[in-house]
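Here are a few short exercises to work through with the model open beside you. Try each task before reading its solution.

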There are 2 protein chains.
Amino acid sequence: MTNVTIIDIAEALGITPSTVSRALSGNPYVKESTREAVRAKARELGYERNVHASNLRSGKTHTVGIIVPRIDRQFFSSIISAAESILDEAGFSVIICQSHENEEDEISALKTLTESRVGGIMVSHATGSRSGSHILEAMNRGIKMVQFDRVFPGFPGSSVTNDDFAGAYNATMHLIGNGYTRIGAFTGPLGTNMFLNRYEGYKAALTEAGLPLDEDIVFENSIVRETGYANAAKAVERGCDALYSSGDYSALGALDFLKEKGIRIPQDFGIVGTANEAFTSLISPALSSTEQNPVEIGKKAALALLRLMNNETSGENLVVDTELIIRESSDRKHFAKK
Amino acid sequence: MTNVTIIDIAEALGITPSTVSRALSGNPYVKESTREAVRAKARELGYERNVHASNLRSGKTHTVGIIVPRIDRQFFSSIISAAESILDEAGFSVIICQSHENEEDEISALKTLTESRVGGIMVSHATGSRSGSHILEAMNRGIKMVQFDRVFPGFPGSSVTNDDFAGAYNATMHLIGNGYTRIGAFTGPLGTNMFLNRYEGYKAALTEAGLPLDEDIVFENSIVRETGYANAAKAVERGCDALYSSGDYSALGALDFLKEKGIRIPQDFGIVGTANEAFTSLISPALSSTEQNPVEIGKKAALALLRLMNNETSGENLVVDTELIIRESSDRKHFAKK
DNA sequence: CTGAACGCTACAAAGGTTTGCAGAACTCGA
DNA sequence: TCGAGTTCTGCAAACCTTTGTAGCGTTCAG
């Protein structure tokens with residue numbers, strides 16, 4: 001381990017540690033020749049700033065934290081990757097914690113980060129975290145926070161979310177525009193804001209197009225492949241000719257069922273998923289989906305956090321647009337001729 | 001911000017900070033009643049240990065770093081996720097850095113981490129990092145390091161890798177066992193150890209089965225979908241009836257070509273990929289592949305790092321087994337009847 | 001030539017915790 | 001009751017950097 005300190009540099013140069021500190025930190029009140037000498041000596045001795053001493057004295061830290069349910073989901077890892085690049089650029093290290101979708105781990109992650117005296121935190125809360133009181137409490141203690149994707153509305157600090165309503169609205173409208181008339185919906189738990197907003201978008205599109213809303217063909221908690229398969233069967237039985245799905249995996253399950261039954265896609269049945277998972281473009285028929293732009297979310301959230309830490313804002317609510325990616329599974333106009 | 005210190009607790013209780021420190025850190029030389037009183041007061045006052053002061057004084061840190069090329073690749077994010085869980089359990093926070101596959105970023109990541117005085121580092125080096133001299137230099141300065149997946153052989157410290165040779169050997173043998181006789185290979189750049197080992201495994205299987213090695217049907221740098229497509233055309237032209245691919249994306253490209261030409265899979269042509277990407281089980285025909293067990297790698301690497309930091313070892317080289325996942329694309333025995 | 005202004009550096013304190021050492025309080029056997 | 005041994009706590013230094021203040025030497029206007 002290196003143990004070179006600014007004191008060593010100071011002694012070697014016959015000056016004091018304070019001058020060395022100022023020289024290295026870019027303080028303008030230091031002669032250029034001195035600064036150069038200090039830099040040279042620091043390099044020669046292999047000096048490495050002790051961030052802990054620095055943080056202790058200055059009370060500031062060059063670290064921020066990110067809390068996500070799981071790192072190994074493509075959506076979150078893309079967000080983290082984008083955010084990390086920006087934060088790194090701004091001189092911040094990033095500590096990453098997983099809540100594993102449960103509140104207990106989220107609370108302990110929060111504790112870890114506040115103990116580390118991070119300058120700010122980006123958080124997308126666990127589904128197991130119902131009230132978010134621990135997050136609110138941390139905010140009230142003055143910790144700079146940006147919520148992203150999964151957000152407790154009305155909290156202080158900043159937030160970055162998708163326009164889930166518009167995403168679902170556009171997807172549904174796209175199905176309507178392709179001539180489907182009885183469009184069912186797969187949703188996630190409607191207690192979660194995000195899923196509720198998507199459901200509202202779906203309803204709004206139906207209403208606007210003058211189509212009836214039939215609760216019989218709305219399937220809550222259809223977010224995995226298996227439930228998608230099972231509910232697709234019910235949807236077909238109940239006369240649907242299309243499905244809007246709040247997730248890609250349940251849409252995939254629906255495709256499994258439809259292909260098995262020999263129902264032609266998109267001629268006889270249309271389907272649009274949500275999230276634009278990597279596999280959607282690789283399967284056959286390729287699945288239409290709503291791109292969530294995680295990279296954009298990550299960037300915006302990181303920049304929002306930087307603004308928050310610089311006191312350039314006291315809180316802002318940002319929205320990232322979704323983008324409808326039309327593929328074979330719903331593009332009747334193009335693929336019907338096949 | 002809370003600013004409660006152990007001094008505040010000490011004053012409130014009429015004892016000294018040293019006792020408070022000992023009480024909180026679990027030092028056995030402190031009366032149980034005192035410890036309880038300290039804990040209660042700490043909770044009451046909302047005390048939070050200042051890790052920077054602690055690290056500064058003790059010279060130890062409860063942080064480790066992980067450097068990967070990119071966080072947003074499923075393989076790496078799975079490794080990180082698994083490692084993070086174990087390290088968190090052991091009381092370590094994890095700082096994550098991306099090298100973006102270039103040496104410069106890797107060096108600066110290394111600097112960030114050593115400046116933060118992390119207790120140890122897990123690293124999978126960038127392709128742009130040819131010699132790894134910066135890594136070696138850090139190791140020689142006494143920093144505990146575990147290399148994983150992409151490893152510079154012969155370095156001190158520990159390493160965790162896949163048995164790439166065996167993975168490729170098994171995959172090729174599986175093709176041979178299914179009656180394919182002219183098996184081509186897609187490889188990555190052979191300057192990278194991992195790809196070289198896979199190529200060696202492929203060759204060993206051919207040799208053992210008494211099949212000739214024909215360099216005409218070995219395609220280096222076939223790792224993306226496009227090159228897979230192009231080289232599959234050449235492979236077919238040169239009489240191949242099967243392909244072993246060092247990656248799934250190039251195998252996917254090959255499937256694109258084969259399907260387009262109406263070549264039946266697996267009856268007329270067999271193919272096995274590598275990495276077992278999520279899409280492999282979702283496409284049609286489902287792609288056989290070699291599972292790399294990233295979760296296992298992450299766990300092993302984390303545990304190896306903990307051992308290294310506890311001086312329970314001075315370095316060990318661990319190997320994680322791969323697992324051949326047989327799917328439609330190569331399972332002629334089962335699917336030929338279709 | 002004097003005094004003010006300026007550029008630069010030294011001094012010293014502070015930030016919160018840990019830890020070796022010394023010493024106080026207590027226990028217990030003789 | 002005394003003394004030896006234990007158990008617990010206090011004292012003070014140390015970890016390394018940052019930063020407010022003071023002071024030095026120089027420059028320059030008047």
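**Exercise 1.** Find how the side chain of Thr34(A) meets DNA strand C.

Solution. Start at the phosphates: an N or O atom in the Thr34(A) side chain sits 2.5 Å from a phosphate oxygen of DNA strand C. That fits a polar contact, a pair of N or O atoms within 3.5 Å (within protein, one must be able to donate a hydrogen and the other to accept it, and residues adjacent in sequence count only if both atoms are side-chain atoms). This is a predicted model, so local features need pLDDT of at least 70 and side-chain atom pairs pLDDT 80 or more, while totals for chains, interfaces and linings use all residues. Side-chain values use heavy atoms, without hydrogens and water; residues are numbered from 1 along each chain as its sequence is written, with chains lettered from A and ligands numbered from 1 in the order written.

**Exercise 2.** Look for side chains that reach the bases of DNA strand C.

Solution. First take Arg22(A): an N or O atom of its side chain is 2.7 Å from a base nitrogen. Next, a polar side-chain atom of Arg57(B) lies 2.2 Å from a base oxygen.

**Exercise 3.** Describe the surroundings of DNA strand C.

Solution. Count first: 26 residues surround the strand, each with a heavy atom within 4 Å of it. Then sort them: 9 are nonpolar, 11 polar and 6 charged. Finally, turn to the DNA atoms within 4 Å of the protein: 60% belong to sugar or phosphate, the rest to bases.

Key. Near = heavy atom within 4 Å. Nonpolar A, V, L, I, M, F, W, Y, C, P; charged D, E, K, R; others polar.
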